[in-house]
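Let us take a walk through this protein together, one piece at a time. Keep the structure in view as you read.

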Amino acid sequence: MDINSESDVSGSLQIGPTSLGMVRIFVETSTGGFPLDFEPEEAEEIAEELRAAAHRARTASGKGGQNKGGPKR
């Protein structure tokens, strides 16, 4: 399966700081869950990638235009 393949899998996503100063993304589906821990700088890079991907998705779907969180061009 690649990033562009559709799926019927649903899940939940939790994001927050850990007691060790990491940022944890916890992904849970009906088959289980797993934590992904990142240094704060890595988490900021992921956040930037999410904003850029959201902007590209809006542009591709015709729902485009600039939004408050999108990259400026």
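Two strands count as paired here if DSSP finds at least two bridges between them. With that in mind, look for strand E2 and strand E3: a hairpin joins E2 to E3 through 2 residues. Please remember along the way that this is a predicted model.

Now step back to the whole chain. The protein contains 3 strands and 1 helix, and reading along the sequence gives the pattern β-β-β-α. Of its 73 residues, 7% count as buried. The accessible surface amounts to about 6200 Å², with 54% of it belonging to carbon and sulfur atoms. As for contacts between residues at least 6 apart in sequence, 0% of them join residues at least 24 apart.

The strands are a good place to start. E1 covers residues 11-17 and E2 covers residues 23-29. These two strands run antiparallel and are joined by 7 bridges. Together they make a hairpin with 5 residues between them, and in the turn you can find Gly-21, whose phi is positive at about 85°. To follow the pairing residue by residue, find Ile-15, whose bridge partner in E2 is Ile-25. Gln-14, in turn, stands opposite Phe-26 in E2.

On we go to E3, which spans residues 32-38 and pairs with E2 in the antiparallel sense, over 7 bridges. Here too you can pick out partners: Val-23 is bridged to Phe-38 in E3, while Arg-24 has Asp-37 as its bridge partner in E3.

Put the pairings together and you have an open sheet of 3 strands, in the order E1-E2-E3, with antiparallel pairing. E1 and E3 stand at the edges with a single partner strand each, so one side of each has no neighbour in the sheet. From one strand to the next, the twist averages 15°. Why does E1 lie largely in the open? The number of buried residues among its 7 is 0, so E1 is largely in the open.

Let us pause at one residue, Thr-18, which is found in the loop between E1 and E2. Is Thr-18 buried or partly exposed? A residue counts as buried under 20% relative accessible area, and Thr-18 has 21% relative accessibility, so it counts as partly exposed. Leaving aside neighbours within four places in sequence, Thr-18 is in contact with Arg-24 and Asp-37. Those two residues are the bridge partners we met between E2 and E3. Along the sequence, Thr-18 and Asp-37 are 19 residues apart, and their C-alpha atoms are 8.5 Å apart in space.

The helix comes last on our walk. Helix H1, residues 40-61, lies across E2 and E3 and runs at about 110° to E3. How many residues does H1 have, and what distance does it reach? H1 has 22 residues and reaches 31 Å from its first C-alpha to its last, close to the 32 Å expected at 1.5 Å a residue. As you trace this helix, it helps to know that an α-helix has 3.6 residues a turn, so residues three or four places apart point the same way. Just after H1 comes Gly-62, which takes a positive phi of about 85°.

Note on methods: Residues are numbered from 1 along each chain as its sequence is written. This is a predicted model: local features need pLDDT of at least 70, side-chain atom pairs count only at pLDDT 80 or more; totals for chains, interfaces and linings use all residues. Side-chain values use heavy atoms; hydrogens and water are left out. Helices (H or I, at least four residues) and strands (E, at least two) are DSSP runs, numbered from the N terminus. Buried means under 20% relative accessible area, exposed over 50%, partly exposed in between (1.4 Å probe, protein chains only). Contact means heavy atoms within 4.5 Å. Accessible areas come from the Shrake-Rupley method with a 1.4 Å probe; for residues, only the protein chains shown count as cover. Axes are lines fitted to C-alpha atoms, for helices over the stretch in contact, and angles run from 0 to 180 degrees between N-to-C directions. The expected span of a helix is 1.5 Å times one less than its number of residues.
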